[in-house]
Amino acid sequence: MCAESAASENFAAALIPPIEATAADDVRDVIPLPGYRLAVRFHDGTAGTVDMAAMITAPTAGVFARLRDPAEFARVHVLYGVVTWPGEIDLAPDAMHDALAATGEWVLAA
């Protein structure tokens, strides 16, 4: 009897290219800053600072209360052009883009 491997390779992953969000209003880079702030840059060059301090520290923070832990806040990343944290927490890129294009800053209120 010949032993066969039960594992199979995922050939679909090799055939389907990864999704790349490169539209003008897709986020390109995000860097966590002190004080619950983010440095954000979009594909069209729009860039600025997102200030989340009031929202995160408010008693009504909801799911964003998890981000009070600086280590958790620092886990921010870009996923499909959206600023995201583990646990399905994200920010609306269109509202962020509009605010940064207008003033260079987006302050999220409680």
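**Strand pairing, surface charge and salt bridges in the predicted model**

Arg-37 stands opposite Asp-51, a residue of strand β3. The model in which this pairing is found is a predicted one, and its secondary structure amounts to four helices and seven strands. Read from the N terminus onward, these elements follow the order α-β-β-β-α-α-β-β-β-α-β. The chain has 110 residues, of which 32% are buried.

The pairing of Arg-37 with Asp-51 belongs to the contact between strand β2, which covers residues 37-42, and strand β3, which covers residues 47-51; these two strands are antiparallel and are joined over five bridges. Together β2 and β3 make up a hairpin in which four residues lie between the strands, and Gly-45, placed in the turn, adopts a positive phi of about 95°. Strand β3 is also joined to strand β7 (residues 105-107), here through three bridges and with the two strands running parallel. Within this parallel pair, Val-50 is found opposite Trp-106 of β7. Strand β3 therefore has an antiparallel partner in β2 and a parallel partner in β7, and both senses of pairing are covered by the general rule that the strands of a sheet pair through backbone hydrogen bonds, either parallel or antiparallel.

A further group of strands is arranged as an open sheet, in which three strands follow the order β4-β5-β6 with antiparallel pairing. Because β4 (77-79) and β6 (89-90) stand at the edges, each with a single partner strand, one side of each is left without a neighbour in the sheet. Between β4 and strand β5 (residues 82-85), which run antiparallel, there are three bridges; in this pairing His-77 stands opposite Thr-84 of β5, and Leu-79 stands opposite Val-82 of β5. The hairpin formed by β4 and β5 has two residues between its strands, and Tyr-80 takes a positive phi near 55° in this hairpin.

On the other side of the sheet order, β5 and β6 are paired in the antiparallel sense over two bridges, and the bridge partner of Trp-85 in β6 is Ile-89. These strands, too, form a hairpin, with three residues between them, in which Gly-87 has a positive phi near 90°. The side chains of β5 alternate in direction, with Val-82 and Thr-84 pointing one way and Val-83 and Trp-85 the other way, and all of these residues are buried. Among them, Thr-84 is the residue opposite His-77, whereas Trp-85 is the residue paired with Ile-89.

With regard to charge, a patch of negative charge on the surface is formed by Asp-25, Asp-44, Asp-94 and Asp-98. One of these residues, Asp-25, is located in the loop that lies between α1 (12-15) and β1 (27-33). The relative accessible area of Asp-25 is 39%, so this residue is classed as partly exposed, and as this value is over 30%, Asp-25 meets the accessibility condition for membership of a patch.

Salt bridges in the model number four, when a side-chain nitrogen of Lys or Arg is required to lie within 4 Å of a carboxyl oxygen of Asp or Glu. Two of the pairings involve Glu-72. In the pairing of Glu-72 with Arg-66, the closest N and O atoms are 3.0 Å apart, and in the pairing of Glu-72 with Arg-75, the corresponding separation is 3.4 Å. Glu-72 itself has a relative accessibility of 13% and therefore counts as buried, whereas its arginine partners are partly exposed, with relative accessible areas of 42% for Arg-66 and 46% for Arg-75.

Elsewhere, Arg-28, Asp-29 and Arg-41 are joined into one network by salt bridges that share partners. Within this network, Arg-28 forms a salt bridge with Asp-29, in which the closest N and O atoms are separated by 3.9 Å. Arg-28 is partly exposed at a relative accessible area of 44%, and Asp-29, at 28% relative accessibility, likewise counts as partly exposed.

Terms used:
Residues are numbered from 1 along each chain as its sequence is written. This is a predicted model: local features need pLDDT of at least 70, side-chain atom pairs count only at pLDDT 80 or more; totals for chains, interfaces and linings use all residues. Side-chain values use heavy atoms; hydrogens and water are left out. Two strands pair if DSSP finds at least two bridges between them. Patches are made of residues with over 30% relative accessible area and no salt bridge: like charges are joined within 9 Å, nonpolar side chains (Val, Leu, Ile, Met, Phe, Trp, Tyr) within 5 Å. Accessible areas come from the Shrake-Rupley method with a 1.4 Å probe; for residues, only the protein chains shown count as cover. Lys and Arg count as positive and Asp and Glu as negative; His and the chain ends are not counted. The place of a charge is taken as NZ of Lys, CZ of Arg, CG of Asp or CD of Glu. Buried means under 20% relative accessible area, exposed over 50%, partly exposed in between (1.4 Å probe, protein chains only).
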